[in-house]
Amino acid sequence: MATFVIHPLDRFVVAKTAIKRPREIAYFSYDDEHTLHPLSDKSLSYYYPPFVDVPADGGQQRPRISLSNGFDAFQKHDDSVDEHLVALLDTLASYEEREGHVVKADLITWRGMMTKIVTAPFDMFSEFEMNATCFQGTIFLEEHKAAKFTPANNGPPKSVPHGARPSQDMMQYWGYKFEVLSTLRKPWAEVSRGEIESRDNVIVSNEAQYCSIVTTGIGDTNLILGGEVDAVMGTKPDNADDPIPWVELKTSQQPVDQRDDIKYERKLLKFWAQSFLLGVPKIIVGFRSPDGHLLRLQEHETQKIPGMVKRQGQGTWDGNICINFAATVLEFFKANVTGDGIVWRISRKLKSGTINVFPIEDVSDESIVKPSFKAHRERMLAKEVAAKLNPAG
């Protein structure tokens with residue numbers, strides 16, 4: 001077993017790690033039935049702010065927005081099903097077939113896995129179990145879902161009696177409700193005023209998703225990351241090299257004292273990490289009351305959050321340390337996750353100061369990298385070799 005010791009963090013202070021700006025190379029959509037559509041933007045959403053402190057026609061005050069509205073009709077995706085890296089790799093294969101070349105990377109994974117690694121130095125309540133395997137010099141990394149899922153966490157959402165503390169299901173719903181209230185399914189110019197005004201009546205579902213696939217890099221490690229993006233501000237640029245004005249939508253309880261401020265500052269660590277990894281430049285937070293009424297909106301520029309925390313915050317985290325730490329951990333992975341066909345467990349226990357890597361035998365490498373993707377990459381490699389041997393065609 002190989003062990004990476006997280007503390008002391010002062011060894012990650014001085015280094016200045018290079019970061020390669022995330023660039024979208026491909027994307028996919030899950031539709032309303034959660035059917036995968038590689039290289040499709042059919043589920044892309046467009047940001048349009050919810051009506052907070054905005055008078056209605058005629059100047060009347062609008063009623064407060066309750067994020068609990070429609071909870072009983074929530075169409076919740078069954079996340080107990082392990083989807084592995086299938087959508088990411090199927091879309092990547094479609095892109096590579098279309099473009100005629102393989103996209104090289106040291107590591108391919110979901111944005112959520114990298115978020116756990118980036119935030120690990122300052123999140124002692126974080127625990128994770130991941131599975132990894134190598135193929136053609138690339139590490140493929142995914143969540144070990146069996147460690148996370150228990151039957152008690154599945155099933156339909158549960159409402160709570162009036163006056164009781166909101167359930168975890170309800171608070172999760174508030175986030176999805178805020179997304180519906182803040183987005184349109186088509187660009188603003190193609191949407192009627194009636195559709196904009198009636199967003200509170202839309203049945204909330206988290207089946208449909210738009211996911212971006214980006215190339216990026218931290219230190220000497222090149223990455224391909226996939227992750228859901230909530231919305232675009234305006235439209236995507238025509239030039240693929242231009243930054244995309246993505247928007248990340250979050251909800252948080254309105255802080256009322258210093259303890260709440262510290263709690264929010266810790267939330268900002270995850271907000272920031274999630275967003276910078278995919279190249280999302282703006283985060284819009286809907287602050288709510290304890291009972292789920294939307295109170296106000298606040299915008300954060302992703303790149304400015306670490307500086308804001310350093311100058312004005314309580315010192316609960318440091319973005320530079322997070323990035324230097326991630327670069328070092330990725331080098332540790334490259335040194336220890338080796339050998340095609342072997343599956344490795346990457347584990348951090350609750351409140352643990354170490355990340356452990358060890359081989360396991362109860363998981364097949366083909367559950368991480370399915371045979372069809374391996375066959376695709378082998379075909380692409382054969383074409384590449386043939387082209388080099390016979391450059392004239």
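This is a short tour of some aromatic rings and one histidine in a predicted model.

**Stop 1: a pair of rings.** Select Y210 and W246. These two residues form a tilted aromatic pair, with ring centres 5.5 Å apart and 45 degrees between the planes. Now colour the strands: Y210 belongs to strand β10 (residues 209-218), while W246 belongs to strand β13 (residues 246-253). The pair links distant parts of the chain, 36 residues apart. Are the two rings' residues buried or exposed? Y210 is buried because its relative accessible area is 1%, under the 20% cut-off. W246 is buried too, at 2% relative accessibility. The whole model has a count of 16 aromatic pairs.

**Stop 2: a cluster.** Next, select F4, F12, F325, F332 and F333. Together they form one aromatic cluster.

**Stop 3: charges over rings.** Show R199 with F51. The charged end of R199 sits over the ring of F51, 5.5 Å from the ring centre. Then move to K236 and Y27. Here K236 lies over the face of Y27, at 4.2 Å from the ring centre.

**Stop 4: a histidine.** Finally, select H293, which you will find in strand β15 (residues 293-301). H293 counts as buried, because its relative accessibility of 17% is under 20%. Which residue's side chain makes a polar contact with the side chain of H293? Add D291 to your selection: the two side chains make that contact at 3.1 Å. To see what else surrounds the histidine, show R64, I65, S66, F287 and R288. H293 is in contact with these five residues, leaving aside its neighbours within four places in sequence.

How values were computed. Residues are numbered from 1 along each chain as its sequence is written. This is a predicted model: local features need pLDDT of at least 70, side-chain atom pairs count only at pLDDT 80 or more; totals for chains, interfaces and linings use all residues. Side-chain values use heavy atoms; hydrogens and water are left out. Rings of Phe, Tyr and Trp (its six-membered ring) pair if their centres lie within 6.5 Å; planes under 30 degrees apart count as stacked, over 60 as edge-to-face and the rest as tilted. Helices (H or I, at least four residues) and strands (E, at least two) are DSSP runs, numbered from the N terminus. Buried means under 20% relative accessible area, exposed over 50%, partly exposed in between (1.4 Å probe, protein chains only). A charge sits over a ring if NZ of Lys or CZ of Arg is within 6 Å of the ring centre and within 35 degrees of the ring normal. A polar contact is a pair of N or O atoms within 3.5 Å; within protein, one must be able to donate a hydrogen and the other to accept it, and residues adjacent in sequence count only if both atoms are side-chain atoms. Contact means heavy atoms within 4.5 Å.
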